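Dear colleague,

Please find the structure we discussed below, with its sequence. A summary of the findings follows it.

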Amino acid sequence: MAAPERGRALDREILTLAVPAFATLIAEPLLVLADTWIIGRLGTPHLGGLTLASSVLTLVVGLSVFLAYGTTATVSRRLGAGDRPGALSGGVDGMVLGGLIGLAVAVLLVPGAPWVLGLYGAAPEPTALGASYLRVVAFGLPAQLVMLAATGVLRGLQDTRTPLRVVVTINLLNIALNVALVLGLGLGMPGAALGTVVSQWVGASIMGWVVLRAAQREGVRLGFAPGGVLAAARLGGWLVVRNGTLQAALLLTTFTAASLGTASLAAHQVVATVWSTVAFALDAFAIAAQAMVGLRLGAGDEAGARGVLGRVIAWGVGLGVVVGLVIVALRGPIAGAFSPDPAVHAVAAGALLVLAALAPVGAVAFQLDGVLIGAGDARFLALAGLVTTAVYAPFALAVWATGAGLAWLWAAYGVWLLARGAVLGLRNRSSAWP
(Lines give C-alpha, C1' and ligand atoms only; values in the text may rest on other atoms or scores of the structure.)
Protein backbone atom coordinates (compact mmCIF):
# COMPACT_ATOMS: atom_id res chain seq x y z
CA MET A 1 0.00 0.00 0.00
CA ALA A 2 2.87 2.40 0.61
CA ALA A 3 3.83 2.81 -3.04
CA PRO A 4 0.27 3.60 -4.32
CA GLU A 5 -0.22 6.02 -1.46
CA ARG A 6 3.02 7.72 -2.37
CA GLY A 7 1.89 7.86 -6.00
CA ARG A 8 -1.45 9.38 -5.06
CA ALA A 9 0.30 11.91 -2.83
CA LEU A 10 2.58 12.88 -5.71
CA ASP A 11 -0.41 13.17 -8.04
CA ARG A 12 -2.18 15.48 -5.60
CA GLU A 13 0.93 17.66 -5.28
CA ILE A 14 1.43 17.73 -9.07
CA LEU A 15 -2.19 18.71 -9.71
CA THR A 16 -2.16 21.33 -6.95
CA LEU A 17 0.66 23.08 -8.82
CA ALA A 18 -0.18 22.10 -12.40
CA VAL A 19 -3.87 23.02 -12.56
CA PRO A 20 -3.40 26.71 -11.68
CA ALA A 21 -0.21 26.76 -13.79
CA PHE A 22 -2.20 25.27 -16.68
CA ALA A 23 -4.80 28.00 -16.44
CA THR A 24 -2.08 30.67 -16.17
CA LEU A 25 -0.06 29.30 -19.10
CA ILE A 26 -3.10 28.71 -21.32
CA ALA A 27 -4.36 32.26 -20.75
CA GLU A 28 -1.51 33.85 -22.75
CA PRO A 29 -1.90 31.73 -25.93
CA LEU A 30 -5.69 32.02 -25.67
CA LEU A 31 -5.14 35.76 -25.74
CA VAL A 32 -2.99 35.36 -28.87
CA LEU A 33 -5.77 33.23 -30.35
CA ALA A 34 -8.20 36.07 -29.66
CA ASP A 35 -5.81 38.58 -31.24
CA THR A 36 -5.36 36.27 -34.23
CA TRP A 37 -9.13 36.05 -34.68
CA ILE A 38 -9.59 39.83 -34.39
CA ILE A 39 -6.75 40.66 -36.79
CA GLY A 40 -7.83 37.86 -39.14
CA ARG A 41 -11.06 39.81 -39.69
CA LEU A 42 -8.94 42.58 -41.26
CA GLY A 43 -7.52 40.38 -44.03
CA THR A 44 -4.91 37.78 -45.01
CA PRO A 45 -2.01 40.30 -45.27
CA HIS A 46 -2.83 41.53 -41.74
CA LEU A 47 -2.68 37.95 -40.45
CA GLY A 48 0.63 37.45 -42.25
CA GLY A 49 1.97 40.65 -40.65
CA LEU A 50 0.95 39.38 -37.23
CA THR A 51 2.90 36.17 -37.96
CA LEU A 52 6.09 38.16 -38.56
CA ALA A 53 5.67 40.45 -35.54
CA SER A 54 4.75 37.52 -33.29
CA SER A 55 7.87 35.69 -34.40
CA VAL A 56 10.07 38.56 -33.18
CA LEU A 57 8.16 38.88 -29.90
CA THR A 58 8.33 35.12 -29.35
CA LEU A 59 12.08 35.28 -29.88
CA VAL A 60 12.52 38.08 -27.32
CA VAL A 61 10.28 36.49 -24.70
CA GLY A 62 11.66 33.01 -25.41
CA LEU A 63 15.22 34.18 -24.86
CA SER A 64 14.09 35.88 -21.65
CA VAL A 65 12.04 32.99 -20.27
CA PHE A 66 15.01 32.15 -18.04
CA LEU A 67 13.62 34.99 -15.91
CA ALA A 68 10.74 32.68 -15.04
CA TYR A 69 12.43 29.27 -15.23
CA GLY A 70 15.67 30.37 -13.59
CA THR A 71 13.93 32.12 -10.70
CA THR A 72 11.55 29.18 -10.21
CA ALA A 73 14.47 26.76 -9.78
CA THR A 74 16.57 29.17 -7.67
CA VAL A 75 13.72 30.27 -5.40
CA SER A 76 12.43 26.73 -4.86
CA ARG A 77 15.91 25.42 -3.98
CA ARG A 78 16.49 28.25 -1.50
CA LEU A 79 13.04 27.69 -0.06
CA GLY A 80 13.78 23.96 0.31
CA ALA A 81 16.97 24.89 2.17
CA GLY A 82 14.95 27.10 4.57
CA ASP A 83 16.16 30.46 3.21
CA ARG A 84 12.92 32.28 2.34
CA PRO A 85 14.44 35.82 2.54
CA GLY A 86 17.25 34.75 0.21
CA ALA A 87 14.68 33.27 -2.18
CA LEU A 88 12.74 36.53 -2.34
CA SER A 89 15.90 38.63 -2.64
CA GLY A 90 16.99 36.66 -5.70
CA GLY A 91 13.49 37.01 -7.14
CA VAL A 92 13.54 40.82 -6.81
CA ASP A 93 16.91 40.94 -8.57
CA GLY A 94 15.42 38.87 -11.40
CA MET A 95 12.54 41.34 -11.76
CA VAL A 96 14.97 44.27 -12.05
CA LEU A 97 16.94 42.35 -14.67
CA GLY A 98 13.75 41.68 -16.62
CA GLY A 99 12.82 45.35 -16.67
CA LEU A 100 16.27 46.35 -17.90
CA ILE A 101 16.29 43.75 -20.69
CA GLY A 102 12.80 44.76 -21.82
CA LEU A 103 13.74 48.43 -21.91
CA ALA A 104 16.88 47.76 -23.98
CA VAL A 105 14.99 45.65 -26.54
CA ALA A 106 12.16 48.20 -26.80
CA VAL A 107 14.66 50.98 -27.56
CA LEU A 108 15.95 48.89 -30.48
CA LEU A 109 12.60 47.67 -31.86
CA VAL A 110 10.62 50.92 -31.92
CA PRO A 111 12.77 52.47 -34.70
CA GLY A 112 14.06 49.19 -36.13
CA ALA A 113 10.85 47.19 -36.64
CA PRO A 114 10.62 47.63 -40.46
CA TRP A 115 14.23 46.54 -40.93
CA VAL A 116 13.89 43.53 -38.60
CA LEU A 117 10.72 42.25 -40.28
CA GLY A 118 12.22 42.87 -43.70
CA LEU A 119 14.75 40.13 -42.95
CA TYR A 120 12.00 37.49 -43.26
CA GLY A 121 11.68 38.15 -46.98
CA ALA A 122 7.87 38.22 -46.95
CA ALA A 123 5.74 40.35 -49.30
CA PRO A 124 5.82 44.14 -48.69
CA GLU A 125 2.24 44.49 -47.43
CA PRO A 126 2.37 41.98 -44.53
CA THR A 127 5.86 43.26 -43.67
CA ALA A 128 4.61 46.87 -43.35
CA LEU A 129 1.52 45.83 -41.37
CA GLY A 130 3.63 43.72 -39.02
CA ALA A 131 6.00 46.65 -38.43
CA SER A 132 3.09 48.91 -37.48
CA TYR A 133 2.11 46.34 -34.83
CA LEU A 134 5.63 45.64 -33.57
CA ARG A 135 6.55 49.32 -33.08
CA VAL A 136 3.67 49.81 -30.63
CA VAL A 137 3.75 46.49 -28.80
CA ALA A 138 7.48 46.92 -28.08
CA PHE A 139 6.55 49.48 -25.39
CA GLY A 140 5.07 46.62 -23.33
CA LEU A 141 8.21 44.46 -23.31
CA PRO A 142 9.64 45.81 -20.00
CA ALA A 143 6.34 45.02 -18.30
CA GLN A 144 6.10 41.57 -19.89
CA LEU A 145 9.58 40.56 -18.73
CA VAL A 146 8.97 41.87 -15.19
CA MET A 147 5.86 39.66 -15.13
CA LEU A 148 7.94 36.68 -16.30
CA ALA A 149 10.36 37.08 -13.41
CA ALA A 150 7.60 37.70 -10.85
CA THR A 151 5.78 34.58 -12.04
CA GLY A 152 8.97 32.56 -11.55
CA VAL A 153 9.32 33.87 -7.99
CA LEU A 154 5.78 32.87 -7.06
CA ARG A 155 6.06 29.45 -8.67
CA GLY A 156 9.28 28.85 -6.73
CA LEU A 157 7.34 29.69 -3.57
CA GLN A 158 4.87 26.96 -4.65
CA ASP A 159 2.21 29.60 -5.42
CA THR A 160 0.68 29.15 -8.89
CA ARG A 161 -2.69 30.66 -7.99
CA THR A 162 -1.67 34.32 -7.79
CA PRO A 163 -0.22 34.38 -11.33
CA LEU A 164 -3.41 32.69 -12.52
CA ARG A 165 -5.66 35.40 -11.09
CA VAL A 166 -3.49 38.19 -12.50
CA VAL A 167 -3.10 36.69 -15.97
CA VAL A 168 -6.81 35.95 -16.36
CA THR A 169 -7.66 39.51 -15.31
CA ILE A 170 -5.27 41.24 -17.69
CA ASN A 171 -6.11 38.94 -20.60
CA LEU A 172 -9.81 39.73 -20.27
CA LEU A 173 -8.82 43.40 -20.22
CA ASN A 174 -6.66 42.89 -23.31
CA ILE A 175 -9.43 41.21 -25.29
CA ALA A 176 -11.91 43.95 -24.37
CA LEU A 177 -9.47 46.67 -25.36
CA ASN A 178 -8.58 45.02 -28.66
CA VAL A 179 -12.21 44.53 -29.64
CA ALA A 180 -12.92 48.17 -28.82
CA LEU A 181 -9.81 49.59 -30.48
CA VAL A 182 -9.69 47.36 -33.59
CA LEU A 183 -13.29 46.48 -34.38
CA GLY A 184 -14.90 49.45 -32.64
CA LEU A 185 -12.65 52.42 -33.39
CA GLY A 186 -11.03 50.92 -36.48
CA LEU A 187 -7.42 51.47 -35.34
CA GLY A 188 -6.22 48.30 -37.06
CA MET A 189 -2.92 46.66 -36.15
CA PRO A 190 -1.66 49.54 -33.94
CA GLY A 191 -4.92 49.36 -31.96
CA ALA A 192 -4.42 45.67 -31.23
CA ALA A 193 -0.87 46.38 -30.10
CA LEU A 194 -1.99 49.24 -27.84
CA GLY A 195 -4.50 47.02 -26.06
CA THR A 196 -1.74 44.50 -25.37
CA VAL A 197 0.64 47.16 -24.02
CA VAL A 198 -1.92 48.60 -21.57
CA SER A 199 -2.83 45.17 -20.20
CA GLN A 200 0.83 44.18 -19.79
CA TRP A 201 1.64 47.25 -17.71
CA VAL A 202 -1.40 46.62 -15.50
CA GLY A 203 -0.24 43.02 -14.96
CA ALA A 204 3.35 44.02 -14.19
CA SER A 205 2.17 46.53 -11.60
CA ILE A 206 0.05 43.93 -9.81
CA MET A 207 2.61 41.11 -9.92
CA GLY A 208 5.48 43.37 -8.91
CA TRP A 209 3.52 44.68 -5.94
CA VAL A 210 2.74 41.13 -4.73
CA VAL A 211 6.40 40.06 -4.80
CA LEU A 212 7.73 43.29 -3.29
CA ARG A 213 5.22 43.14 -0.45
CA ALA A 214 6.27 39.54 0.33
CA ALA A 215 9.94 40.61 0.29
CA GLN A 216 9.24 43.46 2.70
CA ARG A 217 7.52 41.07 5.12
CA GLU A 218 10.70 38.96 5.16
CA GLY A 219 12.88 42.02 5.83
CA VAL A 220 14.50 41.96 2.39
CA ARG A 221 16.07 45.31 1.58
CA LEU A 222 14.53 46.68 -1.58
CA GLY A 223 16.38 48.70 -4.15
CA PHE A 224 18.67 48.34 -7.12
CA ALA A 225 21.37 45.77 -6.33
CA PRO A 226 23.84 45.50 -9.24
CA GLY A 227 25.60 42.49 -7.73
CA GLY A 228 22.36 40.55 -7.37
CA VAL A 229 21.21 41.52 -10.84
CA LEU A 230 24.51 40.34 -12.35
CA ALA A 231 24.24 37.08 -10.39
CA ALA A 232 20.75 36.56 -11.78
CA ALA A 233 22.10 37.17 -15.28
CA ARG A 234 24.97 34.69 -14.80
CA LEU A 235 22.63 32.02 -13.45
CA GLY A 236 20.43 32.48 -16.49
CA GLY A 237 23.29 32.37 -19.00
CA TRP A 238 23.00 28.71 -19.94
CA LEU A 239 19.22 29.01 -20.01
CA VAL A 240 19.58 31.88 -22.48
CA VAL A 241 21.61 29.58 -24.73
CA ARG A 242 19.05 26.82 -24.27
CA ASN A 243 16.18 29.17 -25.05
CA GLY A 244 18.12 30.57 -28.00
CA THR A 245 18.28 27.13 -29.61
CA LEU A 246 14.52 26.68 -29.14
CA GLN A 247 13.85 30.08 -30.67
CA ALA A 248 16.25 29.34 -33.54
CA ALA A 249 14.08 26.34 -34.43
CA LEU A 250 10.93 28.49 -34.33
CA LEU A 251 12.58 31.27 -36.35
CA LEU A 252 13.71 28.80 -38.99
CA THR A 253 10.12 27.52 -39.17
CA THR A 254 8.72 31.03 -39.66
CA PHE A 255 11.36 31.95 -42.28
CA THR A 256 10.44 28.81 -44.21
CA ALA A 257 6.70 29.55 -43.92
CA ALA A 258 7.34 33.06 -45.30
CA SER A 259 8.91 31.52 -48.41
CA LEU A 260 5.71 29.54 -49.10
CA GLY A 261 3.56 32.61 -49.87
CA THR A 262 1.19 34.97 -48.05
CA ALA A 263 -1.60 32.38 -47.62
CA SER A 264 0.80 29.86 -46.07
CA LEU A 265 2.31 32.57 -43.88
CA ALA A 266 -1.16 33.51 -42.61
CA ALA A 267 -2.05 29.84 -42.08
CA HIS A 268 1.21 29.39 -40.18
CA GLN A 269 0.02 32.05 -37.71
CA VAL A 270 -3.10 29.97 -37.05
CA VAL A 271 -1.21 26.69 -36.67
CA ALA A 272 1.62 28.21 -34.63
CA THR A 273 -0.88 29.85 -32.28
CA VAL A 274 -2.73 26.56 -31.78
CA TRP A 275 0.62 24.82 -31.16
CA SER A 276 1.61 27.50 -28.67
CA THR A 277 -1.66 26.89 -26.83
CA VAL A 278 -1.04 23.13 -26.80
CA ALA A 279 2.60 23.54 -25.73
CA PHE A 280 1.74 25.87 -22.87
CA ALA A 281 -1.00 23.50 -21.70
CA LEU A 282 1.40 20.55 -21.70
CA ASP A 283 4.03 22.70 -20.01
CA ALA A 284 1.85 23.00 -16.91
CA PHE A 285 3.14 19.64 -15.69
CA ALA A 286 6.71 20.71 -16.50
CA ILE A 287 6.18 23.81 -14.35
CA ALA A 288 5.04 21.56 -11.50
CA ALA A 289 8.14 19.41 -12.07
CA GLN A 290 10.44 22.45 -11.88
CA ALA A 291 9.06 23.55 -8.52
CA MET A 292 8.81 20.03 -7.03
CA VAL A 293 12.24 18.85 -8.19
CA GLY A 294 13.91 22.07 -7.05
CA LEU A 295 12.26 21.82 -3.63
CA ARG A 296 13.34 18.18 -3.15
CA LEU A 297 16.92 18.70 -4.32
CA GLY A 298 17.18 21.77 -2.08
CA ALA A 299 16.22 19.49 0.81
CA GLY A 300 18.68 16.77 -0.31
CA ASP A 301 15.96 14.33 -1.43
CA GLU A 302 17.31 12.91 -4.71
CA ALA A 303 14.99 9.88 -4.65
CA GLY A 304 11.98 12.15 -4.26
CA ALA A 305 13.15 14.26 -7.19
CA ARG A 306 13.43 11.18 -9.40
CA GLY A 307 9.98 10.05 -8.30
CA VAL A 308 8.45 13.21 -9.70
CA LEU A 309 9.70 12.44 -13.22
CA GLY A 310 7.58 9.37 -14.03
CA ARG A 311 4.41 10.94 -12.67
CA VAL A 312 4.65 14.18 -14.65
CA ILE A 313 5.45 12.29 -17.88
CA ALA A 314 2.35 10.12 -17.40
CA TRP A 315 0.15 13.16 -16.84
CA GLY A 316 1.70 15.08 -19.74
CA VAL A 317 1.38 12.25 -22.29
CA GLY A 318 -2.21 11.59 -21.23
CA LEU A 319 -3.13 15.22 -21.80
CA GLY A 320 -1.20 15.24 -25.10
CA VAL A 321 -3.22 12.31 -26.45
CA VAL A 322 -6.52 13.95 -25.48
CA VAL A 323 -5.51 17.29 -27.01
CA GLY A 324 -4.36 15.57 -30.22
CA LEU A 325 -7.71 13.80 -30.63
CA VAL A 326 -9.58 17.08 -30.09
CA ILE A 327 -7.49 18.80 -32.79
CA VAL A 328 -8.16 15.96 -35.25
CA ALA A 329 -11.90 16.24 -34.66
CA LEU A 330 -12.02 20.05 -34.85
CA ARG A 331 -9.28 20.88 -37.35
CA GLY A 332 -11.79 22.08 -39.98
CA PRO A 333 -13.63 24.56 -37.74
CA ILE A 334 -10.33 25.70 -36.20
CA ALA A 335 -8.81 26.38 -39.61
CA GLY A 336 -11.85 28.35 -40.75
CA ALA A 337 -12.29 30.42 -37.60
CA PHE A 338 -9.43 32.86 -38.08
CA SER A 339 -9.67 34.00 -41.69
CA PRO A 340 -12.33 34.38 -44.41
CA ASP A 341 -9.78 33.20 -47.01
CA PRO A 342 -10.45 29.60 -48.27
CA ALA A 343 -6.78 29.21 -49.22
CA VAL A 344 -5.76 29.85 -45.60
CA HIS A 345 -8.38 27.32 -44.41
CA ALA A 346 -7.06 24.52 -46.64
CA VAL A 347 -3.39 25.00 -45.77
CA ALA A 348 -4.07 25.32 -42.02
CA ALA A 349 -6.30 22.21 -41.87
CA GLY A 350 -3.59 19.99 -43.32
CA ALA A 351 -0.91 21.30 -40.97
CA LEU A 352 -3.20 20.96 -37.94
CA LEU A 353 -3.50 17.23 -38.61
CA VAL A 354 0.28 16.94 -38.32
CA LEU A 355 0.25 19.07 -35.18
CA ALA A 356 -2.24 16.70 -33.53
CA ALA A 357 0.22 13.83 -33.91
CA LEU A 358 2.98 15.93 -32.34
CA ALA A 359 1.13 16.69 -29.07
CA PRO A 360 2.06 13.45 -27.18
CA VAL A 361 5.63 13.65 -28.54
CA GLY A 362 5.97 17.22 -27.30
CA ALA A 363 4.55 16.25 -23.92
CA VAL A 364 7.46 13.87 -23.23
CA ALA A 365 10.08 16.44 -24.25
CA PHE A 366 8.47 19.18 -22.16
CA GLN A 367 8.33 17.10 -18.97
CA LEU A 368 11.92 15.94 -19.31
CA ASP A 369 12.94 19.55 -19.86
CA GLY A 370 11.06 20.72 -16.76
CA VAL A 371 12.76 18.16 -14.52
CA LEU A 372 16.23 19.22 -15.69
CA ILE A 373 15.43 22.91 -15.25
CA GLY A 374 14.25 22.20 -11.72
CA ALA A 375 17.54 20.40 -11.11
CA GLY A 376 19.51 23.39 -12.39
CA ASP A 377 20.98 21.32 -15.25
CA ALA A 378 20.96 24.33 -17.60
CA ARG A 379 24.36 23.66 -19.19
CA PHE A 380 23.26 20.29 -20.52
CA LEU A 381 19.97 21.76 -21.74
CA ALA A 382 21.91 24.39 -23.69
CA LEU A 383 24.18 21.81 -25.33
CA ALA A 384 21.23 19.52 -26.07
CA GLY A 385 19.42 22.41 -27.71
CA LEU A 386 22.36 23.05 -30.03
CA VAL A 387 22.40 19.40 -31.09
CA THR A 388 18.67 19.03 -31.68
CA THR A 389 18.34 22.30 -33.59
CA ALA A 390 21.24 21.23 -35.82
CA VAL A 391 19.36 17.98 -36.49
CA TYR A 392 16.19 19.91 -37.40
CA ALA A 393 17.78 22.49 -39.71
CA PRO A 394 18.33 20.23 -42.80
CA PHE A 395 14.69 19.08 -42.71
CA ALA A 396 13.36 22.66 -42.56
CA LEU A 397 15.73 23.76 -45.32
CA ALA A 398 14.55 20.84 -47.47
CA VAL A 399 10.97 22.17 -47.20
CA TRP A 400 12.23 25.66 -48.09
CA ALA A 401 14.12 24.38 -51.13
CA THR A 402 11.29 22.21 -52.47
CA GLY A 403 8.30 24.38 -51.46
CA ALA A 404 6.70 21.20 -50.11
CA GLY A 405 4.08 23.08 -48.07
CA LEU A 406 3.14 23.95 -44.52
CA ALA A 407 2.11 20.43 -43.46
CA TRP A 408 5.57 19.11 -44.40
CA LEU A 409 7.16 22.00 -42.55
CA TRP A 410 5.36 20.98 -39.35
CA ALA A 411 6.32 17.35 -39.96
CA ALA A 412 9.93 18.54 -40.09
CA TYR A 413 9.38 20.35 -36.80
CA GLY A 414 8.29 16.98 -35.41
CA VAL A 415 11.80 15.68 -36.10
CA TRP A 416 13.11 18.40 -33.76
CA LEU A 417 10.67 17.31 -31.02
CA LEU A 418 11.66 13.65 -31.39
CA ALA A 419 15.36 14.48 -31.23
CA ARG A 420 14.85 16.69 -28.19
CA GLY A 421 12.87 14.01 -26.35
CA ALA A 422 15.51 11.37 -27.10
CA VAL A 423 18.47 13.47 -25.91
CA LEU A 424 16.74 14.65 -22.73
CA GLY A 425 15.49 11.12 -22.03
CA LEU A 426 19.06 9.80 -22.05
CA ARG A 427 20.11 12.53 -19.62
CA ASN A 428 17.24 11.80 -17.23
CA ARG A 429 18.23 8.13 -17.17
CA SER A 430 21.76 9.05 -16.07
CA SER A 431 23.02 9.77 -12.56
CA ALA A 432 24.45 13.18 -13.46
CA TRP A 433 21.51 15.58 -13.39
CA PRO A 434 20.62 15.56 -9.63
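Helices (H or I, at least four residues) and strands (E, at least two) are DSSP runs, numbered from the N terminus. By that definition the chain has 15 helices and zero strands. This is a predicted model, in which local features need pLDDT of at least 70 and side-chain atom pairs count only at pLDDT 80 or more, while totals for chains, interfaces and linings use all residues. Residues are numbered from 1 along each chain as its sequence is written, and side-chain values use heavy atoms, with hydrogens and water left out.

Of the 434 residues, 55% count as buried (under 20% relative accessible area, 1.4 Å probe, protein chains only).

The largest nonpolar core (buried Ala, Val, Leu, Ile, Met, Phe, Trp, Tyr and Cys residues joined through side-chain atoms within 4.5 Å) has 38 residues, and Trp275 and Val278 have the most contacts inside it. Helices 10 (237–258), 11 (262–298), 12 (302–336), 13 (342–374), 14 (378–402) and 15 (406–429) each supply at least two residues of this core. Helix 13 gives the largest share, ten residues. Leaving aside neighbours within four places in sequence, Val278 is in contact (heavy atoms within 4.5 Å) with Val323, Ile327, Leu355 and Ala359. A second, separate core of 29 residues includes Ile39, Leu52, Val60 and Leu117.

Across the chain, residues 24 or more positions apart account for 86% of the contacts with a separation of 6 or more.

Yours sincerely

Technical notes
Buried < 20%, exposed > 50% of the residue type's maximum accessible area, 1.4 Å probe, protein only.
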